[in-house]
Amino acid sequence: MKIQIINGPNLNLLGIREPGIYGKNSFESYLPKLKAKYPEIQIDYYQSNIEGKLIDKMQEIGFTYDGIVLNAGAYTHTSIALQDCIRSLKCPVIEVHISNIFQREAFRHQSMISCACLGTICGFGLAGYDLAIAGILSTKEK
């Protein structure tokens with residue numbers, strides 16, 4: 001089984017950027033814990049600040065991987081292009097947000113990608129990625 005984690009803009013700054021909202025740990029420090037929890041799964045990671053590169057990555061793996069865990073960052077609230085891409089893929093996509101977007105600014109309450117995703121997880125910090133992987137696994141067990 002192969003799962004791709006994709007993080008969007010500014011998530012390369014986890015651990016530095018607004019630690020009161022996003023925590024004090026980088027994603028790179030969390031990833032080994034995920035891989036250790038799921039040794040039977042190939043978990044790959046990709047991050048870009050550029051919308052087109054996120055789309056390119058999803059198109060590259062979206063027909064051969066078993067699932068994508070996507071934190072599109074601020075593109076969540078603006079990108080019809082990401083929504084269109086997600087709809088075109090064979091594998092399921094789960095939307096993840098580290099913070100509870102519904103406790104934040106009003107513009108963050110609207111997601112342009114949720115309607116194309118299998119599900120959405122928000123507000124559980126980095127543990128949301130673990131929950132998303134468990135969600136993908138649950139769809140494979142059916």
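Helices α2 and α5 pack at an angle of about 35 degrees, and their axes lie 10 Å apart. The contact is made by F27, Y30, L34 and K37 of α2, together with A127, Y129, D130 and I133 of α5. Please keep in mind that this is a predicted model. Below you will find that helix pair, then the residues that UniProt annotates as "active site" and as "binding site".

**Helix α2 and its packing**

- The crossing of α2 and α5 is right-handed.
- Helix α2 covers residues 27-37, and its buried residues are F27, Y30, L31 and L34. Why do they line one face of the helix? Seen down the axis of α2, the buried residues fall within an arc of 115 degrees, so they share one face.
- K33 and A36 are exposed on the other side of α2.
- What do the buried residues of α2 pack against? Their partners are β1 (2-7), β2 (42-47) and α5 (127-140).

**The annotated active site: Y22 and H97**

- An unreviewed UniProt entry places the feature "active site" at Y22 and H97. These positions are spread over 76 residues of sequence, yet they cluster in space, with a largest C-alpha distance of 9.5 Å.
- Y22 belongs to helix α1, which spans residues 19-22. Its relative accessibility is 9%, so Y22 counts as buried, the cut-off being under 20%.
- Leaving out residues up to four places away in sequence, Y22 touches L14, R17, I98, S99 and R104.
- H97 sits in strand β4 and is buried, with a relative accessible area of 5%.
- Which side chain does the side chain of H97 meet in a polar contact? The partner is the side chain of E95, at 2.7 Å.
- Not counting residues up to four places away in sequence, H97 touches N71, G73, T76, T120, I121, C122 and G123.

**The annotated binding site: N71, H77 and S99 among its members**

- For "binding site", the unreviewed UniProt entry lists N71, H77, D84, I98, S99 and R108.
- N71 is part of strand β3, residues 67-71. Is N71 buried or exposed? N71 counts as buried, because its relative accessibility is 3%.
- The side chain of N71 reaches the backbone nitrogen of G73 at 3.0 Å.
- Apart from neighbours within four places in sequence, N71 is in contact with I6, N7, G8, L11, V96, H97, I98 and Y129.
- H77 is placed in the loop between β3 and α4 (80-88), and H77 is buried, with a relative accessible area of 12%.
- S99 occupies the loop between β4 (93-97) and β5 (119-122). S99 is buried, its relative accessible area being 9%.
- Setting aside neighbours within four places in sequence, S99 is in contact with I21, Y22, R104, C122 and G123.

**Where the topics meet**

- N71, listed under "binding site", is among the residues touched by H97, which is annotated under "active site".
- S99, another position listed under "binding site", has Y22 among its contacts, and Y22 is annotated under "active site".
- Y129 helps make the contact between α2 and α5, and Y129 is also one of the contacts of N71.

Key:
Residues are numbered from 1 along each chain as its sequence is written. This is a predicted model: local features need pLDDT of at least 70, side-chain atom pairs count only at pLDDT 80 or more; totals for chains, interfaces and linings use all residues. Side-chain values use heavy atoms; hydrogens and water are left out. Helices (H or I, at least four residues) and strands (E, at least two) are DSSP runs, numbered from the N terminus. Buried means under 20% relative accessible area, exposed over 50%, partly exposed in between (1.4 Å probe, protein chains only). A polar contact is a pair of N or O atoms within 3.5 Å; within protein, one must be able to donate a hydrogen and the other to accept it, and residues adjacent in sequence count only if both atoms are side-chain atoms. Contact means heavy atoms within 4.5 Å. UniProt positions are given in the numbering used here, feature names are shortened, and annotations may be inferred rather than shown by experiment. The arc is that of the directions from the helix axis to the C-beta atoms. Axes are lines fitted to C-alpha atoms, for helices over the stretch in contact, and angles run from 0 to 180 degrees between N-to-C directions. A crossing is left-handed if the near helix is turned anticlockwise from the far one by less than a right angle, and right-handed if clockwise.
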